[in-house]
Amino acid sequence: MKTSISFLIVFLISQLSFAQSGEWIELFNGENLDGWKVSENPESFQVVDGVIKVDGPRAHAFYVGPVGNHDFKNFELMVEVKTMPKANSGIFIHTEYQENGWPNVGYEIQVNQSHSDWRKTGSVYSFQDVREVYVEDGEWYTEHVIVQGDQITVKINGETINEYDESEVRSGDLGTKKLSSGTIALQAHDPESVIYYRSVKIRVLE
């Protein structure tokens, strides 16, 4: 037992140091949802064959693990995702755990190729939206989100498709939907949306 505890402590320390040294670190362990807390309808998130399967009514999986004390300010997030037809999801940044409803804190980066919502993958949802579709349902792709200061850059398969500068787009009291710091969350949007996430990596920036 003491050996197991010692190993766990060393592992957690190494994870935290990787996050702070600018190395990529995986937030999903490929086996279960340890380090994540799912709101509202936990059954909407399952790990199947080493990937997160999102399938069911509205819910959000918030990262609550030890990396960066799940409080990130400037960072790069690299997510490998696959949508099925008519699927809608999202990746929340600078957010915090919320038991019910759509997250009130932070921004949503859209995941959507063919859902009826016209805001497509790469949108900074409702603040700077993307209408074009860059990937097809049924194929794995990378959604790369870079947050630095007042700026959010979104790349799809390495191509920059959205560059959002909060200081240029918004002014006055921004409320809670703004850049500050916080955790990452994945969205289950509705029972007809099936999405797969197989990697959620983060790299902390200065």
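Which residue stands opposite Q46 in β4? In this predicted model, the residue of β4 that faces Q46 is K53. The two strands concerned, β3 (residues 45-48) and β4 (residues 51-55), run antiparallel and are joined by four bridges. Together β3 and β4 make a hairpin with two residues between them, and D49 in the turn has a positive phi of about 50 degrees. On β4 there is a further pairing, with strand β13 (residues 194-204), again antiparallel and over four bridges. Within that pairing, I52 stands opposite Y197 in β13.

A separate element to follow is an open sheet. Strands of a sheet pair through backbone hydrogen bonds, either parallel or antiparallel. Here the sheet has five strands in the order β2-β5-β12-β7-β8, and the pairing is antiparallel. Because β2 (36-38) and β8 stand at the edges with a single partner strand each, one side of each is left without a neighbour in the sheet. From one strand to the next, the twist averages 20 degrees. Inside this order, β5 (residues 59-63) and β12 (residues 183-188) run antiparallel and are joined by four bridges; H60 stands opposite Q187 in β12.

The aromatic side chains add contacts between parts of the chain. Over the whole structure, a search finds six aromatic pairs. One of them joins F62 and Y97 in an edge-to-face arrangement, at 5.2 Å centre to centre and with 70 degrees between the planes. F62 belongs to strand β5, whereas Y97 lies in the loop between β7 (89-95) and β8, so the pair ties together parts that are 35 residues apart in sequence. The two partners can also be described by their accessibility. F62 counts as buried because its relative accessibility is 1%, under the 20% limit. Y97, at 26% relative accessibility, counts as partly exposed. In addition, W36, Y63, F72 and F75 form one aromatic cluster.

Attention may now turn from side-chain contacts to empty space. Rolling a probe the size of a water molecule over the atoms shows where empty space is left. The second largest pocket holds about 240 Å³ of space. It is lined by 15 residues, of which F92, W102, E108, Y125 and K177 are the closest to its centre. Strand β8 (residues 107-111) gives the most to this lining, with three residues. By character, the lining of the second largest pocket divides into six nonpolar, six polar and three charged residues. Strand β8 thus appears in two settings: at an edge of the open sheet and in the lining of the second largest pocket.

Notes: Residues are numbered from 1 along each chain as its sequence is written. This is a predicted model: local features need pLDDT of at least 70, side-chain atom pairs count only at pLDDT 80 or more; totals for chains, interfaces and linings use all residues. Side-chain values use heavy atoms; hydrogens and water are left out. On a 1 Å grid over the protein atoms alone, a cavity is a set of points where a 1.4 Å probe fits but cannot get out, and a pocket is an open set with protein on both sides within 12 Å along at least five of seven lines; lining residues have an atom within 4 Å of a point. Grid points are joined across faces, edges and corners, and a volume is the space filled by probe spheres set on the points. Ala, Val, Leu, Ile, Met, Phe, Trp, Tyr, Cys and Pro count as nonpolar, Asp, Glu, Lys and Arg as charged, and the others, Gly among them, as polar. Two strands pair if DSSP finds at least two bridges between them. Axes are lines fitted to C-alpha atoms, for helices over the stretch in contact, and angles run from 0 to 180 degrees between N-to-C directions. Rings of Phe, Tyr and Trp (its six-membered ring) pair if their centres lie within 6.5 Å; planes under 30 degrees apart count as stacked, over 60 as edge-to-face and the rest as tilted. Buried means under 20% relative accessible area, exposed over 50%, partly exposed in between (1.4 Å probe, protein chains only).
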